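Student: Could you walk me through this structure slowly, with every term explained as we go?
Tutor: Gladly; have a look at the structure before we begin.

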2 protein chains.
Amino acid sequence: MVSVITAMQPLEHIMEELEQAEGLEALQAATEALCDHYGIDHVVYHWVDSVGGQYGCGTYSDVWRARYLELNYVRVDPVILGCFQRFHPVDWKRLDWSSKAAKSFQAEAIEYGVGNQGYSVPIRGPNGQFALFTVSHSCNDTWWADWTEAHRRDLILIAHYFNQKALEFEPDRKPEQSQALSPREVDSITLLAMGYSRAQVADTLSISEHTLRVYIESARFKLGAMNTTHAVARALSRGLIVV
Amino acid sequence: MVSVITAMQPLEHIMEELEQAEGLEALQAATEALCDHYGIDHVVYHWVDSVGGQYGCGTYSDVWRARYLELNYVRVDPVILGCFQRFHPVDWKRLDWSSKAAKSFQAEAIEYGVGNQGYSVPIRGPNGQFALFTVSHSCNDTWWADWTEAHRRDLILIAHYFNQKALEFEPDRKPEQSQALSPREVDSITLLAMGYSRAQVADTLSISEHTLRVYIESARFKLGAMNTTHAVARALSRGLIVV
DNA sequence: TTTTCACTCCCCAGAAATGGTGAGGTGTAA
DNA sequence: TTACACCTCACCATTTCTGGGGAGTGAAAA
């Protein structure tokens, strides 16, 4: 194997490679280099797509990756759910593993080679883009605590660069989404997201319900939504409105 | 002036202060310490709320801050507009200053003491939270290019910590951890958020539409939502579902 | 200057969602 | 064993939403 002769790369070098990366392969290589550098089991970056589809790179086994996708584990994985509500990186131990589904998920993950320890950095981009950068290892709690404490800052930066590159490489993830809503449309969709009925919204905005409908429909059109609920969901997950 | 006797603090020290900060004043102090440390004119962190309301800390003059708020410059400021669509930090020179409104805004900003150079880091948190960390200075282009190149990584990290603290201090952004939804409820709400009608959802889940309604209603009850759209919006912004 | 776009208003009829109530089966946890 | 939460199904009448038209203003951009 050629890899035997590749010397362990210093972090600075890996970071620079990352900043200059020009394709997914370079990112994949970076995950492997990071594993080497830190001497840990896994380094993974993955983009959590709005459709539940995913994308990314990392050192998890193909079998596990396939299984994860096939069984749609995004909807179960406490790491995803937990990070989605957080801003700061989090140790897996601090997540909520209490549900039955989560427990069996965890057992299975370890079976497939994922470490018993993990640390994940949530990352968010424009238009509601969301991704995770995760490091995982098999070891005891104290070793892991020391390790994460020592490298937490680097991990945030690395996560940032991974996501930057992913956004660069994947321009087709946000083109259609770019359509911005007009102020009135934002008002309308926001109020609907707050639970008001059309009548109430029209009243609140002091416009006729007919006018309101025009806004909702044009917003729906811009967002490519099939109905009001869909429009609200899209506006929310793209960060166009905040409730 | 007392500030004469405060020695310039090393970055490491400022970062640690920041990580341990327990109030807005500490953040304010950090912006000032950073100015000192780097020898630049301004360091500003500010949270940009959807409603245009804002919040933050920094070294801009009070007059400028008041004016900015009063005239609702969030809707004009090319820095905000540009960063909102970007993930990576950006130099102000690369933004779109072409509109008339932007030009007069820029002139006015400089008049009020903002530097002619600037570098802003966009930051995003859960629930569509958005904030900016900005450094600004008056100098020529090459000096600024060298300076930003030298410190870009630190700036990303500092921005991260500022935002982490701001999120901590803002309690009303994460209080209501509502009841968890049952798996079927999650499915139902998720599919609704993806734009399916009730009939389609029932079909997809292979249950009767009546049953589906029970899920939707119980989910709505758990989420304290007034209607389906509201329930979807709440589930989304609480991170209970991922669309 | 012309065009484009946001904003406002109006009608109608059919499709979809809602609110209330009820009932039976399963499994887990106290 | 007894709760309790989850999953499944049903009917009623009413409210709300949706899809299809058309039309005029003013401001800003091309």
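Tutor: What follows is a chat about the chains, their cores and the DNA strands.

Tutor: This is a predicted model, in which local features need pLDDT of at least 70 and side-chain atom pairs count only at pLDDT 80 or more, while totals for chains, interfaces and linings use all residues. Residues are numbered from 1 along each chain as its sequence is written, chains are lettered from A and ligands numbered from 1 in the order in which they are written, and side-chain values use heavy atoms, with hydrogens and water left out.

Student: Okay, how many helices and strands does chain A come to?
Tutor: Chain A comes to 10 helices and 5 strands, where helices (H or I, at least four residues) and strands (E, at least two) are DSSP runs numbered from the N terminus. Along its principal axes, the C-alpha trace of chain A spans about 70 × 40 × 30 Å.

Student: And what share of the residues in chain A is buried?
Tutor: Of the 243 residues in chain A, 51% are buried; buried means under 20% relative accessible area, exposed means over 50%, and partly exposed is in between, with a 1.4 Å probe and protein chains only.

Student: How many residues of chain B are in contact with chain A?
Tutor: There are 45 residues of chain B in contact with 43 residues of chain A, contact meaning heavy atoms within 4.5 Å. The two chains bury about 4,100 Å² between them, with 61% of it on carbon and sulfur atoms; buried area is the accessible area (1.4 Å probe) that two parts lose on being put together, summed over both. On the chain B side, B:Phe87, B:Arg153 and B:Val242 lose the most area to chain A, together 20% of what that side buries.

Student: Which residues touch the most other members in the largest nonpolar core?
Tutor: That core has 71 residues, and A:Phe133, A:Phe162, B:Phe133 and B:Phe162 touch the most other members. A nonpolar core is a set of buried Ala, Val, Leu, Ile, Met, Phe, Trp, Tyr and Cys residues joined through side-chain atoms within 4.5 Å. A second, separate core of 43 residues includes A:Leu212, A:Leu236, B:Val201 and B:Ala202.

Student: What is B:Phe162 in contact with?
Tutor: Leaving aside neighbours within four places in sequence, the contacts of B:Phe162 include B:Leu18, B:Leu27, B:Tyr45 and B:Phe133.

Student: Switching to the DNA, which residues come nearest to strand D?
Tutor: Of the 18 residues around DNA strand D, A:Arg198, A:Arg213, A:Arg220, A:Thr228 and B:Tyr215 come nearest, and a residue is near a strand if one of its heavy atoms lies within 4 Å of it. Sugar and phosphate account for 64% of the atoms of DNA strand D that come within 4 Å of the protein.

Student: Where are the polar contacts to phosphate oxygens of strand D?
Tutor: One phosphate oxygen of DNA strand D is 2.6 Å from a polar backbone atom of B:Ser208, and a phosphate oxygen is 2.9 Å from an N or O atom in the side chain of B:Thr211. A polar side-chain atom of B:Lys222 also lies 3.4 Å from a phosphate oxygen of DNA strand D. A polar contact is a pair of N or O atoms within 3.5 Å; within protein, one must be able to donate a hydrogen and the other to accept it, and residues adjacent in sequence count only if both atoms are side-chain atoms.

Student: Which element gives the largest share of the surface near strand D?
Tutor: H9(B) gives the largest share of that surface, 6 residues.

Student: And on strand C, what lies 2.3 Å from a phosphate oxygen?
Tutor: A polar side-chain atom of A:Ser182 lies at that distance from a phosphate oxygen of DNA strand C. As for the bases, a polar side-chain atom of B:Arg213 lies 2.6 Å from a base nitrogen of DNA strand C, and a polar side-chain atom of A:Arg213 lies 3.4 Å from a base nitrogen of that strand. The largest share of the surface near DNA strand C, 6 residues, comes from H9(A).

Student: Last one: is A:Ser206 buried or exposed?
Tutor: A:Ser206 counts as exposed because its relative accessible area is 64%. A:Ser206 lies in the loop between helix H8 (198-205) and H9 of chain A, and has a positive phi of about 55 degrees although it is not a glycine.
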